[in-house]
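Dear colleague,

I am handing over the structure below, and my notes on what was found in it follow directly after. Please read the notes with the model open beside them.

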Amino acid sequence: MSSPTNPQAPGQEQPFVSHLVELRDRLIRMLVAVLLVFLVLFPFANDIYIYVATPLMAQLREGTSMIATQVASPFLTPFKLALVSAVFLSMPYLLFQLWSFVAPGLYSHERQLAIPLLLSSILLFYLGMVFAYYAVFPLIFAFLTGTAPAGVAVMTDISHYLDFVLTLFFAFGIAFEIPIATILVVAAGITTPEDLARKRPYLIVGVFVAGMLLTPPDVISQTLLALPMWILFELGVLASRFFQQRRRAPEEAQATAPTAGTSAGESPPGEGLNIGPTPSSDGQGDTSDGEEALVGRDIAGGNPLDPERFRPLTEEEMEEALDAIEADEESASKALDEPDPVDQKLRWIKELRDQEEHTGVRRLLYEVLEEGDDEQRQVARNILAQIDDR
């Protein structure tokens, strides 16, 4: 890893202005993409509107048609539909730009989880719109036009119809994201698949309430939205169980399998990195056989679930270790013109811990683990263990 860009401010993150510049560039790319797709769709705006209005026009009685009650509606309504369609069609590229902006700040396991969820969310949103157009619209419009009183000609305004269908498109697109939301709340540790399954009766009531709020005031559209939401919730619970099993499998294998890479007479990985006495039964920290305890969460070997595996140093012991390193560095600097860069980073770590800058502390600790000698790496491991225990 590289050292801090500014020695005067160790652990400093990328300047805030540079993030704003990158965000501006990606927003410009997103706007340009939407504009290009809109320019392609605009010549076909009227055809697109006719296609979207087909479910209603097919249910209108003979001799009736849709109308435009405002002067600019014949132009503005197809224009609006072309613009919204451009946004919908550009959504994969727009989400890719947002992903490119956020991805550098994620860990590798978070990126591995986010990519399939991102792709699935796009696909599910489009499926929700397709379901609304081909399954829901014909039933809704057949019901609404069939309930018109005798002598009333159903002639819907084109702008009101567009607002109506866009609302339903958005409602069904969001509703089809329920599996993604379920997996995310389980992955974040907020709940478990078992808890979600136990709360199924409350969810059934909730989806019907959501269907009532997100759809027009008729029981058909409410039911046609609530039932898919319920089914998608069940699929989300199944997918979250599968995800949870895959996440637990490596942990269980590591807990039950013998230490890898060892043979008869060979020390397991991490042996020789011990520091500090193992606590005895009287709690005084002395050992009867001169054994030493492994310290630090990143030391390999042994059962990771064993509570006796690690013993982080106390604050006093850590201060003594850092003071000893500082004293060694000062004595070495008198003999050499250049101080040890790893010891310099350890001093920065101490300063950052006092300022509670944990992000910078972790980054410098990882550099020490790569560049330092055995004693310096041991100190870094103990600091990491103390940070993790907080």
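A salt bridge, as the term is used here, is a side-chain nitrogen of Lys or Arg within 4 Å of a carboxyl oxygen of Asp or Glu. Please keep in mind that this is a predicted model, in which local features need pLDDT of at least 70 and side-chain atom pairs count only at pLDDT 80 or more, while totals for chains, interfaces and linings use all residues. Residues are numbered from 1 along each chain as its sequence is written, and side-chain values use heavy atoms, with hydrogens and water left out.

To begin with the overall architecture, the chain has 14 helices and zero strands, where helices (H or I, at least four residues) and strands (E, at least two) are DSSP runs numbered from the N terminus. Of its 390 residues, 35% count as buried; buried means under 20% relative accessible area, exposed means over 50%, and partly exposed lies in between, with a 1.4 Å probe and protein chains only.

Turning to the salt bridges, a search of the whole structure finds seven. One of them joins the side chains of Arg198 and Asp195, at 2.0 Å from N to O. These two residues are three apart in helix α8 (residues 193-198), and therefore about one helical turn separates them. Arg198 counts as exposed at 58% relative accessibility, whereas Asp195 is partly exposed at 23%.

Another salt bridge brings together the side chains of Glu22 and Arg26, at 3.4 Å from N to O, and here the partners are four residues apart in helix α1, again separated by about one helical turn. Glu22 is partly exposed, with 24% relative accessibility, while Arg26 is buried, with 15%.

A further pair, Glu367 and Lys345, has its closest N and O atoms 2.8 Å apart. Because Glu367 lies in helix α13 (residues 358-371) and Lys345 in helix α12 (residues 341-354), this pair ties together parts that are 22 residues apart in sequence. Both partners are buried, Glu367 with a relative accessibility of 1% and Lys345 with a relative accessible area of 5%. Salt bridges with shared partners also join Lys345, Arg363 and Glu367 into one network.

As for the interior, the largest nonpolar core holds 51 residues, of which Tyr49, Met66, Phe137 and Tyr161 touch the most other members; such a core is a set of buried Ala, Val, Leu, Ile, Met, Phe, Trp, Tyr and Cys residues joined through side-chain atoms within 4.5 Å. The elements that give two or more residues to this core include α1 (16-41), α5 (108-146) and α10 (219-256), and the largest share, ten residues, comes from α5. Helix α5 also contains Ala142, which is partly exposed at 36% relative accessible area and lies 8.6 Å from Leu60, C-alpha to C-alpha, although the two are 82 residues apart in sequence.

Finally, on the surface, Asp328, Asp340, Asp373 and Glu375 form a negative patch. Patches are made of residues with over 30% relative accessible area and no salt bridge, like charges being joined within 9 Å and nonpolar side chains (Val, Leu, Ile, Met, Phe, Trp, Tyr) within 5 Å. Of these patch members, Asp328 is found in helix α11 (residues 315-335) and is partly exposed, with a relative accessible area of 43%.

With best regards

How values were computed: Areas by Shrake-Rupley, 256 points an atom, 1.4 Å probe, with all protein chains shown as cover. Lys, Arg positive; Asp, Glu negative; His and termini not counted. Charge placed at Lys NZ, Arg CZ, Asp CG, Glu CD.
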